[in-house]
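Reader: I should be grateful for a close look at a single part of this model, namely its salt bridges. Please set them in the context of the whole chain and of the surface patches.

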Amino acid sequence: MWRVLAGRTARFAAGAHQTWRRSLQLRVVTITLVASSLLVGGFAYLIADKLTNILLENAETDVLLRLQNGSDYASKQFNLYSQPQEAQLQDTIDGTVNYLAGGDPAQTSGVVVAITADSFAGFIEARTSPDVQVRPLISAELRASVAAGNVAHQVRTGTLDGERTKFLVYGSPVPTRFGQLELYYLVPLTRQDATAADARATVVATGVALVLLLGLLAALVTRLVVTPVRVAARTAQRLSAGLLDQRMVVNGEDDLALLAASFNQMATNLQRQILRLEEMSRLQRRFTSDVSHELRTPLTTVRMAADLIFAERDDFDPAVARSAELLQAELDRFEELLTDLLEISRFDAGFAMLDSEPTDLVPVVHRVTERLAGLAERVGVAIELDLPDSPVIAEVDPRRVERVLRNLVGNAVEHGEAKPVRITLGMDQSAVAITVRDHGVGLKPGEEKLVFNRFWRADPSRARQTGGTGLGLSISLEDARLHGGWLEAWGAPGQGAQFRLTLPARAGDRLTTSPLRLVPADATLPFGGPRDGGPLAIGPGSGAGALAIGPAESGDRAEVAP
């Protein structure tokens with residue numbers, strides 16, 4: 001039960017937090033309500049407290065005046081007697097109390113008047129009008145202060161005639177010829193409390209109404225501002241989705257109308273520029289495709305002539321024979337460039353198709369290794385394989401995967417600096433991954449973001465052993481994306497580089513993780529020391545870098561691959 005309650009509470013809190021973050025109007029109204037509630041509540045408290053103090057001060061002033069008059073009157077009456085034992089003194093006290101109380105000894109409400117004489121307890125009895133027990137309402141401290149000759153008061157709550165009431169109790173000494181008596185006025189504060197309660201209720205009701213009015217006003221004002229912003233956001237989303245003819249409605253001439261007009265002008269300019277760029281891109285792709293196709297015919301003719309010359313090179317002068325060999329090598333490179341240009345043009349035009357079939361990737365890796373074995377032997381690079389003993393089956397296009405691996409392994413061999421290149425194949429339930437690790441010069445910070453650009457080279461002055469076209473990694477990236485996979489790069493100066501290809505095991509599945517790490521386990525931290533197995537976040541300025549066309553780290557989860 002507690003778990004269910006905790007789960008519901010967590011879901012409610014998460015929903016409220018999400019609503020709070022998404023709704024500007026809710027935040028503005030809530031902040032307005034809270035701030036106005038605190039402000040109005042503070043003013044209401046001050047007003048109610050001030051009103052209560054005024055009512056109490058008025059009651060004290062009235063009682064004090066009556067007390068002074070009553071004390072003077074009683075003193076005159078009691079000064080007729082010189083001894084407390086005189087028989088008429090008690091009757092005079094009774095008459096005085098009734099007179100000061102208003103002349104009605106039977107009254108059961110209103111002001112209560114009491115005369116006490118604690119110092120003459122054996123001769124004079126205390127009298128109260130009306131006849132109620134007031135001793136519980138007169139504290140010992142108040143009696144002691146009055147007995148000492150002081151005028152004192154206090155607010156006391158007690159029960160008289162079965163009704164609990166708050167009283168303002170004032171006491172004053174009454175000097176006589178035979179000694180001192182004490183006169184007490186007990187004034188009920190029922191009317192003042194009722195007035196204060198009504199005032200507080202009025203202030204609270206007014207404050208609540210004011211807060212609600214402020215909240216409603218804030219909601220209306222915020223709505224006037226937020227609604228055009230929401231319309232602009234929806235229009236921007238439609239524009240980003242390709243609906244370039246979407247515009248905002250312009251009403252009036254105020255700031256929001258100016259915003260809408262500026263937004264529409266911006267959208268018009270963007271539409272014009274996008275259409276212009278699309279046309280230029282279309283013409284560029286068409287030009288590339290046409291040039292690549294048109295070059296095929298003369299290239300075929302030149303190839304035939306070059307093959308004939310190359311076949312007869314042994315009969316030529318050594319310089320002419322060397323020229324024939326150079327011509328043959330450059331023609332091979334030219335053909336590769338044309339092939340890559342045609343492939344890029346198909347990707348750009350959106351005509352590239354994926355021919356997926358269940359494929360064992362282990363033989364694919366072996367074929368790539370065997371094809372590049374001669375190149376690796378010439379440059380003195382050993383190719384090491386770390387492959388599972390069992391088949392690694394995935395629904396892929398084997399031709400495209402083999403082309404990606406040829407590019408990755410060929411680059412690793414070319415930049416391996418005569419150090420081993422290691423190819424690792426791994427898989428899990430949802431994905432397969434292949435990493436190609438070299439220990440060459442590596443990549444400088446930021447270069448890992450450029451390696452997939454067309455015709456980019458880390459060192460333009462470095463001689464090419466393979467005669468590459470500069471389009472290999474770009475085509476490999478498009479092949480990986482066509483599979484719904486990731487092609488990622490990591491590198492650090494002096495530590496070599498590692499490329500990782502991750503593909504879904506089943507065609508059409510969405511990748512979330514990779515079976516292999518992007519940053520190799522033998523990579524050292526920028527400040528020294530080997531990695532200990534956890535993911536390493538490496539960025540520009542740290543001496544190493546990783547570009548993820550998918551998640552940024554090996555083993556990390558990614559919801560969307562770019």
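Author: The account below begins with the whole chain, turns to the salt bridges, and then considers the surface patches and some individual residues.

The structure is a predicted model. Its chain has 562 residues, of which 38% count as buried. The secondary structure comprises 11 helices and 13 strands. Among contacts with a separation of 6 or more, 65% are between residues 24 or more positions apart. The chain exposes about 31500 Å², and carbon and sulfur atoms supply 58% of that area.

A search of the whole structure finds 16 salt bridges. One of the residues that take part is Glu325, which pairs with Arg313; their closest N and O atoms are 3.5 Å apart. This pair links distant parts of the chain, since Glu325 belongs to helix α7 (residues 318-349) whereas Arg313 is in the loop between α6 (255-311) and α7, and the two are 12 residues apart. Glu325 also meets the side chain of Arg322 in a salt bridge, with an N to O distance of 3.2 Å. Here both partners, Arg322 and Glu325, lie in helix α7, three residues apart, or about one turn of the helix. Glu325 thus takes part in a bridge to Arg313 and in a bridge to Arg322.

The accessibility of these residues can be stated one by one. Glu325 has a relative accessible area of 32% and is therefore classed as partly exposed. Arg313, at 23% relative accessibility, also counts as partly exposed. The value of 23% is not under the 20% limit for buried residues, so Arg313 does not fall into the buried class. Arg322 has a relative accessible area of 48%, which makes it partly exposed. The value of 48% is not over the 50% limit for exposed residues, so Arg322 does not fall into the exposed class.

A further salt bridge joins Arg506 and Asp509, with the closest N and O atoms 2.9 Å apart. Arg506 is partly exposed at 41% relative accessibility, and Asp509 is partly exposed at 29%.

Salt bridges also form a network, in which Asp397, Arg400, Arg403 and Asp479 are linked. Asp479 leads to helix α11, where this residue is buried. Helix α11 (residues 472-482) is mostly covered, with eight of its 11 residues buried. Besides Asp479, the buried residues of α11 are Gly472, Leu473, Ser474, Ile475, Ser476, Leu477 and Ala480. After α11 comes Gly484, which has a positive phi near 80°.

The surface patches bring helix α5 into view. Arg223, Arg230, Arg234 and Arg238 form a positive surface patch. Arg223 is found in helix α5 (residues 190-240), and a relative accessible area of 49% places it among the partly exposed residues. Members of such a patch have over 30% relative accessible area and no salt bridge, so Arg223, at 49%, meets the area condition.

A nonpolar surface patch is made up of Leu210, Leu213, Leu214, Leu216, Leu217, Leu220, Val221, Leu224, Val225 and Val229, with about 880 Å² of accessible area together. Val229 is likewise found in helix α5. Its relative accessible area is 44%, and Val229 is accordingly partly exposed. Helix α5 therefore holds Arg223 of the positive patch and Val229 of the nonpolar patch.

Two other residues complete the picture. Asp131 is placed in the loop between β2 (127-129) and α4 (140-147). At 71% relative accessibility, Asp131 counts as exposed. Its C-alpha atom is separated by 9.9 Å from that of Asn98, which is 33 residues apart from Asp131 along the chain. Ser75, in helix α2 (residues 24-78), is buried, with 13% relative accessibility. When residues up to four places away in sequence are not counted, Ser75 touches Val174 and Pro175.

How values were computed:
Residues are numbered from 1 along each chain as its sequence is written. This is a predicted model: local features need pLDDT of at least 70, side-chain atom pairs count only at pLDDT 80 or more; totals for chains, interfaces and linings use all residues. Side-chain values use heavy atoms; hydrogens and water are left out. Patches are made of residues with over 30% relative accessible area and no salt bridge: like charges are joined within 9 Å, nonpolar side chains (Val, Leu, Ile, Met, Phe, Trp, Tyr) within 5 Å. Accessible areas come from the Shrake-Rupley method with a 1.4 Å probe; for residues, only the protein chains shown count as cover. A salt bridge is a side-chain nitrogen of Lys or Arg within 4 Å of a carboxyl oxygen of Asp or Glu. Lys and Arg count as positive and Asp and Glu as negative; His and the chain ends are not counted. The place of a charge is taken as NZ of Lys, CZ of Arg, CG of Asp or CD of Glu. Helices (H or I, at least four residues) and strands (E, at least two) are DSSP runs, numbered from the N terminus. Buried means under 20% relative accessible area, exposed over 50%, partly exposed in between (1.4 Å probe, protein chains only). Contact means heavy atoms within 4.5 Å.
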